[in-house]
Amino acid sequence: MLNLVLFGPPGAGKGTQSQNLIEKYGLIHLSTGDLLRGEISNGTALGLEAKKLMDEGILVPDAVVIGMISNKLDANKDAKGFIFDGFPRTVAQAAALDNLLTSKNQQISGMIALEVNDDELLKRLLLRGKDSGRPDDANPEVISKRIKEYNDKTAPVAEFYKKQDKFNSINGIGTVDEIFTAICAIVDAY
Ligand code: B4P
């Protein structure tokens with residue numbers, strides 16, 4: 001199985017590049033952001049709780065997203081592999097993912113980190129916020145909060161994969177096609 005973690009700050013292009021990757025490599029896309037937004041649009045209790053946090057730019061509790069990922073892995077037992085998009089976002093989530101995969105005799109093949117500076121992230125997310133309808137994209141203060149959450153809680157996840165010699169970094173500024181070509185060079189080596 002090919003199991004990739006697509007990593008980067010909010011607006012780095014993880015969702016955008018995931019779409020290209022699933023088409024080319026036939027992997028299952030697991031986006032915790034999309035799963036949470038699905039819970040919100042279905043009006044579930046979990047969605048109601050998550051919405052409050054997401055609208056403020058705060059990460060939802062580890063146990064919630066780990067549970068969602070575990071269910072999705074169980075529901076896709078015959079997959080060729082997975083793209084983890086926006087997960088793990090904390091070191092606790094990374095450790096839990098390793099445990100889940102080990103229990104299924106699987107492991108993460110590699111992490112690909114998209115590097116984008118804060119000014120570009122703000123510009124992209126405000127632009128998307130004009131028509132995405134996502135409350136967390138519409139407000140510069142919420143976007144700054146998301147970037148702070150990333151720096152405080154998510155950036156250390158890179159170290160977790162560096163220690164396992166699974167870390168790869170890509171320049172996330174350029175055209176979507178240029179960035180996809182750079183990602184594919186890494187994926188093909190796996
Ligand atoms: P996510 O849904 O994961 O979203 P994201 O980080 O905002 O975006 P992404 O990096 O995927 O950017 P995209 O490709 O869309 O998270 C939302 C919230 O959910 C979090 O704040 C948190 O509250 C919660 N959450 C999710 N997972 C969690 C977890 N594991 N634990 C706890 N909480 C969790 O690109 C953004 C924009 O840039 C798009 O408009 C795109 O068109 C544009 N773009 C992409 N590539 C570009 C390029 N090369 N050049 C110019 N623009 C580009």
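In this predicted model, the lining of the largest cavity is a mix: five of its residues are nonpolar, three are polar and two are charged. The residues doing the lining are Leu6, Phe7, Gly8, Lys14, Gly86, Phe87, Pro88, Arg89, Tyr150 and Thr154. Two elements give two or more residues each to this lining, namely strand β1 (2–7) and helix α8 (140–154). As for how much room there is, the largest cavity holds about 40 Å³ of space. The structure has one cavity of 30 Å³ or more. Rolling a probe the size of a water molecule over the atoms is what shows where empty space is left.

Phe7 turns up again in the packing of the protein. In soluble globular proteins, nonpolar side chains tend to be buried together. Here, the largest nonpolar core is made of 28 residues, and Phe7, Ile69, Leu73, Phe84, Leu97 and Tyr161 are the ones with the most contacts inside it. At least two core residues come from each of β1, α3 (45–56), α4 (62–75), β3 (81–85), α5 (91–103), β4 (110–115) and α9 (156–163). There is also a second, separate core, this one with 22 residues, including Leu4, Ile83, Ile183 and Cys184. Back in the largest core, Leu73 gives a good look at who touches whom: setting aside neighbours within four places in sequence, Leu73 is in contact with Leu30, Phe82, Phe84, Leu100, Leu101 and Lys104.

Buried residues aren't limited to nonpolar ones, though. Glu149, a charged residue, sits in helix α8. Glu149 counts as buried because its relative accessible area is 7%, which is under the 20% cut-off. What does the side chain of Glu149 have at 2.8 Å from one of its polar atoms? That would be the backbone nitrogen of Leu59. Beyond neighbours within four places in sequence, the contacts of Glu149 are Gly57, Ile58, Leu59 and Thr154. Thr154 is also one of the residues lining the largest cavity.

A last stop is Ala79, found in the loop between α4 and β3. Is Ala79 buried or exposed? With a relative accessibility of 16%, Ala79 falls under 20% and therefore counts as buried. Once neighbours within four places in sequence are left out, Ala79 is in contact with Met1 and Ile28. Ala79 can also be placed relative to Gly110: 31 residues separate the two in sequence, and their C-alpha atoms are 17 Å apart in space.

How values were computed:
Residues numbered from 1 in each chain as written. Predicted model: local features only at pLDDT ≥ 70, side-chain atom pairs only at ≥ 80, totals over all residues. Heavy atoms only, no water. 1 Å grid on protein atoms, 1.4 Å probe; cavity = no way out; pocket = protein on both sides within 12 Å on 5 of 7 lines; lining within 4 Å. Points joined across faces, edges and corners; volume = space filled by probe spheres on them. Helix = DSSP H or I, 4+ residues; strand = E, 2+ residues; numbered from the N terminus. Core = buried A, V, L, I, M, F, W, Y, C linked by side-chain atoms within 4.5 Å. Buried < 20%, exposed > 50% of the residue type's maximum accessible area, 1.4 Å probe, protein only. Contact = heavy atoms within 4.5 Å. Polar contact = N/O pair within 3.5 Å; in protein donor to acceptor, adjacent residues only side chain to side chain.
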